[in-house]
Protein chains: 2
Amino acid sequence: MYYFQDATARAAVGLGARGFLGWAVLDADKTTQHGDPVDNAAGFIRRWRGHPLIQPLPAPQGVYVDSEETWRRTRELADRERTPITYHLSETLREVHDHEAAHGKRPAIWLDEIGFLGPGQIAAHGVWLTRREIEILAARKVAVAHCASSNAKLATGGICPVVDLRRAGAVVGLGTDSVASNNSLSMLREMHVAGLFQKHHRWEAGALGHQELLDLATREGARALGRDAELGSLEPGKIADLSLFNLDHPTLQPATPEAIVSHLAYSASEEAVDSVYVAGVPVVRHRRLEGADWATIRSEAAAA
Amino acid sequence: MYYFQDATARAAVGLGARGFLGWAVLDADKTTQHGDPVDNAAGFIRRWRGHPLIQPLPAPQGVYVDSEETWRRTRELADRERTPITYHLSETLREVHDHEAAHGKRPAIWLDEIGFLGPGQIAAHGVWLTRREIEILAARKVAVAHCASSNAKLATGGICPVVDLRRAGAVVGLGTDSVASNNSLSMLREMHVAGLFQKHHRWEAGALGHQELLDLATREGARALGRDAELGSLEPGKIADLSLFNLDHPTLQPATPEAIVSHLAYSASEEAVDSVYVAGVPVVRHRRLEGADWATIRSEAAAA
């Protein structure tokens, strides 16, 4: 699925969904992509730039398949096209150990020393980070996408130090990662799992509370993507990306103003979502997709 | 809620739900219960014994509020009335440390030495267990109720060694714990969370796989309760406690025989449950409660 970003973009547009879509960039000798991955990413960006729903961007896979040259060219591409960059960072202990063995440096420190790190970047995972690396990511204004379910599912062993990253000043958002490493792409579920793992990790029941979880899933995610002036919260002048919840749903009881954020972060079911608007356009209305029908999606997926 | 087991039993019967309901037993000087808690538990058992849906039982709170005398009397009650016993065991590190400081022994070892441990017992949590304690629980045929969400929510720090307990021969089931320490009482969610935490805990993506998770939620739970001859799986001669799922639901795709157990363990939504039967009687039919209506439940809960 990683090499079919044009199809993903078309599917998102067909549904009316917003997509920040990264083209996977690996060294040319480490991928089944035809041609040069950085050039391919550039082509993808050219094809979709300016689209109201799709933000194309380059996505270096990680230090284990990207050389210094590839990181440098990718950063130049993103700077030239003014796109964000996303990449995997310190997801597994093996990746960190292998990089230290080969380069004498941990990945975040090495990426900083080759001049790669900077604003507009979203580092996914960030599971195995030292205190020094946390400080570097915060200082370089690199955002971290915390993928709690994926990290647990793949048994990476560690847990992203979300609280420490935020205290250091880094921006953190929540990621589901893909269906290859998560059984749900629901941000509701991801808030709940992220909360449980961070409390467990820190032996601190108050860590990553409900308002913070909701922030990570919304406005902090928008900040990570550099779009918080337009997205991520309900404010006059911002784009109307929003979900309406059915306050009668059992997972939102009692639906009082004081309790509702806690319910959203910890207990709300996906079925409590009544309608979804993207840029003011209804994409789901009263639990029915407007731009597609479920029977068709299911049969096309089954046939794929 | 803990001291209103008769009301809980009546509510369960009203809905047609099966309940194994424990009367909280603490030393008389450590509770707001009137009278002697062991005698109160005996009364609760007398009032409900023989009921087709309700299994009353005594539930010692834990070593931090139950003396050796209380444990002994509770075991005598359960032996006499032939009921299971459930209790909290090694949920927090503090409980373990305090008990060691007071008695020179860790809780499971002490409970074994005072002659308490034996078959028909369900120890909830079991978060902080040494290898020796795991062996003792298995040898005494004590079952463990693993409460993954609760343990994480309360930041107990540790994780129940489910895989080690099962390897040692102990029976393990899944528990949600109460709404005071879990935002959902869904066994579907509990399977998913238990799987993620065990994989994380062991650095082993294959730990506690989908069939094992479904087993823990069904037949192993019935074994823990000593009722596996009648409950916990769909077999001729067993009681018809079962849920019917809507195989068209998005969280069950593709709904192939090979994939369905994995979907149930990791991704199924509660809304994928179409109907629920208890002892052959429909309690939920096509997503409607038969013995109550949601509007009444919600308004009564809001008024409580």
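The legends below accompany several close-up views of a predicted model with chains A and B.

**View 1. Two copies related by a two-fold axis.** Let's start with how the chains are arranged. A turn of 180 degrees, with a shift of 0.0 Å along the axis, lays chain B on chain A with an RMSD of 0.0 Å. This is the relation of a two-fold axis. Of the interface residues of chain B, 100% are also interface residues in chain A, so the two copies meet through the same surface.

**View 2. A:His200 and its contacts with chain B.** Here we look at one histidine and its surroundings. A:His200 belongs to helix 9 of chain A, which covers residues 187-202. Its relative accessibility is 8%, and because buried means under 20%, A:His200 counts as buried. Leaving aside residues up to four places away in sequence, A:His200 touches A:Ile159 in its own chain. From chain B, A:His200 touches B:Ala152, B:Gly157, B:Gly158, B:Ile159, B:Phe197 and B:His200. The pair A:His200 and B:His200 is thus one of the contacts to look for in this view.

**View 3. B:Tyr87 in the largest nonpolar core.** The largest nonpolar core has 96 residues, and A:Tyr87 and B:Tyr87 are those with the most contacts inside it. In soluble globular proteins, nonpolar side chains tend to be buried together. Around B:Tyr87, not counting residues up to four places away in sequence, the aromatic contacts are B:Trp71 and B:Phe116. B:Tyr87 also touches B:Pro60, B:Leu111, B:Leu117, B:Gln121, B:Ile122, B:Ala123, B:Ala124 and B:Val142.

**View 4. An open parallel sheet in chain B, with helix 9 across it.** Four strands of chain B form this open sheet in the order 3-4-5-6, and their pairing is parallel. Strand 3 (85-89) and strand 6 (172-174) of chain B are the edge strands, each pairing on one side only. From one strand to the next, the twist averages 30 degrees. Strand 5 (residues 143-146) and strand 6 of chain B run parallel and are joined by 3 bridges. For a handy landmark, find B:Ala145, which stands opposite B:Gly173 in strand 6 of chain B. Helix 9 (residues 187-202) of chain B lies across strand 5 and strand 6, at about 125 degrees to strand 6 of chain B.

**View 5. B:Leu216 and the residues it touches.** B:Leu216 sits in helix 10 (residues 210-217) of chain B. With a relative accessible area of 1%, B:Leu216 is buried. Among its contacts are B:Val172, B:Gly173 and B:Leu174, not counting residues up to four places away in sequence. With that same exclusion, B:Leu216 also touches B:Val162, B:Arg166, B:Leu208 and B:Gly221. For a longer distance in this chain, the C-alpha atoms of B:Leu216 and B:Ala304 are 34 Å apart, with these positions 88 residues apart along the chain.

**View 6. Backbone torsions worth a second look.** Which residues does a cis peptide bond join in chain A? They are A:Gln253 and A:Pro254, with omega at about -10 degrees. In chain B, a cis peptide bond joins B:Gln253 and B:Pro254, and omega there is about -10 degrees. A:Pro254 lies in the loop between strand 7 (242-245) and helix 12 (260-266) of chain A, and B:Pro254 is in the loop between strand 7 (242-245) and helix 12 (260-266) of chain B.

Positive phi values are shown too. A:Ser90, a residue other than glycine, has a positive phi near 45 degrees. A:Ser90 is in the loop between strand 3 (85-89) and helix 4 (93-103) of chain A, and it is buried, at 0% relative accessible area. B:His125, also not a glycine, has a positive phi of about 85 degrees. B:His125 is part of strand 4 (residues 121-125) of chain B, and at 1% relative accessibility B:His125 counts as buried.

**View 7. The buried residues of helix 6 in chain A.** In helix 6 (residues 131-139) of chain A, the buried residues are A:Glu133, A:Ile134, A:Ile136, A:Leu137 and A:Ala138. They pack against strand 3, helix 5 (107-113), strand 5 (143-146) and helix 8 (162-167) of chain A. An α-helix has 3.6 residues a turn, so residues three or four places apart point the same way. After helix 6 of chain A comes A:Lys141, with a positive phi near 60 degrees.

Conventions:
Residues are numbered from 1 along each chain as its sequence is written. Chains are lettered from A and ligands numbered from 1 in the order in which they are written. This is a predicted model: local features need pLDDT of at least 70, side-chain atom pairs count only at pLDDT 80 or more; totals for chains, interfaces and linings use all residues. Side-chain values use heavy atoms; hydrogens and water are left out. Copies are superposed by least squares on the C-alpha atoms of residues with pLDDT of at least 70 in both. Contact means heavy atoms within 4.5 Å. A nonpolar core is a set of buried Ala, Val, Leu, Ile, Met, Phe, Trp, Tyr and Cys residues joined through side-chain atoms within 4.5 Å. Buried means under 20% relative accessible area, exposed over 50%, partly exposed in between (1.4 Å probe, protein chains only). Helices (H or I, at least four residues) and strands (E, at least two) are DSSP runs, numbered from the N terminus. Two strands pair if DSSP finds at least two bridges between them. Axes are lines fitted to C-alpha atoms, for helices over the stretch in contact, and angles run from 0 to 180 degrees between N-to-C directions.
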